[in-house]
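Got your viewer open? Let's take a short walk through this one, a stop at a time.

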Amino acid sequence: DMRWWEFRRAQNTKPSTYRCPLCGDLLPSLSDHMLLFPEGDHSRRRHAHTSCFVRARSEGRLPTRAEWERAQPGWQPPPGIWQRLRRRSR
């Protein structure tokens with residue numbers, strides 16, 4: 001199971017057919033769809049229906065890296081710009 005996902009809208013002009021990893025149905029590449037990259041690994045990209053992607057995101061099944069990091073025990077937000085500037089001036 002992947003911890004986090006990177007994703008973007010697909011811009012494919014190659015006439016291919018894929019299988020959506022979220023519903024298992026066929027997905028023509030020329031249709032509106034999304035590319036999913038497990039843990040940012042672009043070599044393992046998956047093509048998914050936009051509607052399946054939206055549903056999975058709303059159910060919390062495709063967290064971004066930032067969302068996954070915030071859910072980790074002991075997570076602290078990175079210092080803001082003013083905190084970093086104050087540290088430099090010391």
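In which sense do strand 1 and strand 4 pair, and over how many bridges? Select residues 33-38, which make up strand 4, together with strand 1: the two run antiparallel, joined over five bridges. Bear in mind as you look that this is a predicted model.

For a spot to zoom in on, pick Arg-8 and look across to strand 4, where Leu-35 stands opposite.

Now widen the selection to the whole sheet. It's an open sheet of three strands, in the order 1-4-5, with antiparallel pairing. Strand 1 (5-9) and strand 5 (46-49) sit at the edges with a single partner strand each, so one side of each has no neighbour in the sheet. From one strand to the next, the twist averages 30°.

Next, bring up helix 1, residues 50-58. This helix packs on the sheet, and you'll find it touching strand 1, strand 4 and strand 5. Compare directions and you'll see helix 1 make about 90° with strand 5.

Stay with helix 1 and show some side chains. Which of its residues are buried? Select Thr-50, Cys-52, Phe-53 and Ala-56. These four cover an arc of only 160° around the axis, which means they lie on the same side of helix 1. And what do the buried residues of helix 1 pack against? Strand 1, strand 4 and strand 5.

Last stop: step just past the end of helix 1 to Gly-60, where the backbone takes a positive phi of about 80°.

Key
Residues are numbered from 1 along each chain as its sequence is written. This is a predicted model: local features need pLDDT of at least 70, side-chain atom pairs count only at pLDDT 80 or more; totals for chains, interfaces and linings use all residues. Side-chain values use heavy atoms; hydrogens and water are left out. Two strands pair if DSSP finds at least two bridges between them. Axes are lines fitted to C-alpha atoms, for helices over the stretch in contact, and angles run from 0 to 180 degrees between N-to-C directions. Contact means heavy atoms within 4.5 Å. Buried means under 20% relative accessible area, exposed over 50%, partly exposed in between (1.4 Å probe, protein chains only). The arc is that of the directions from the helix axis to the C-beta atoms.
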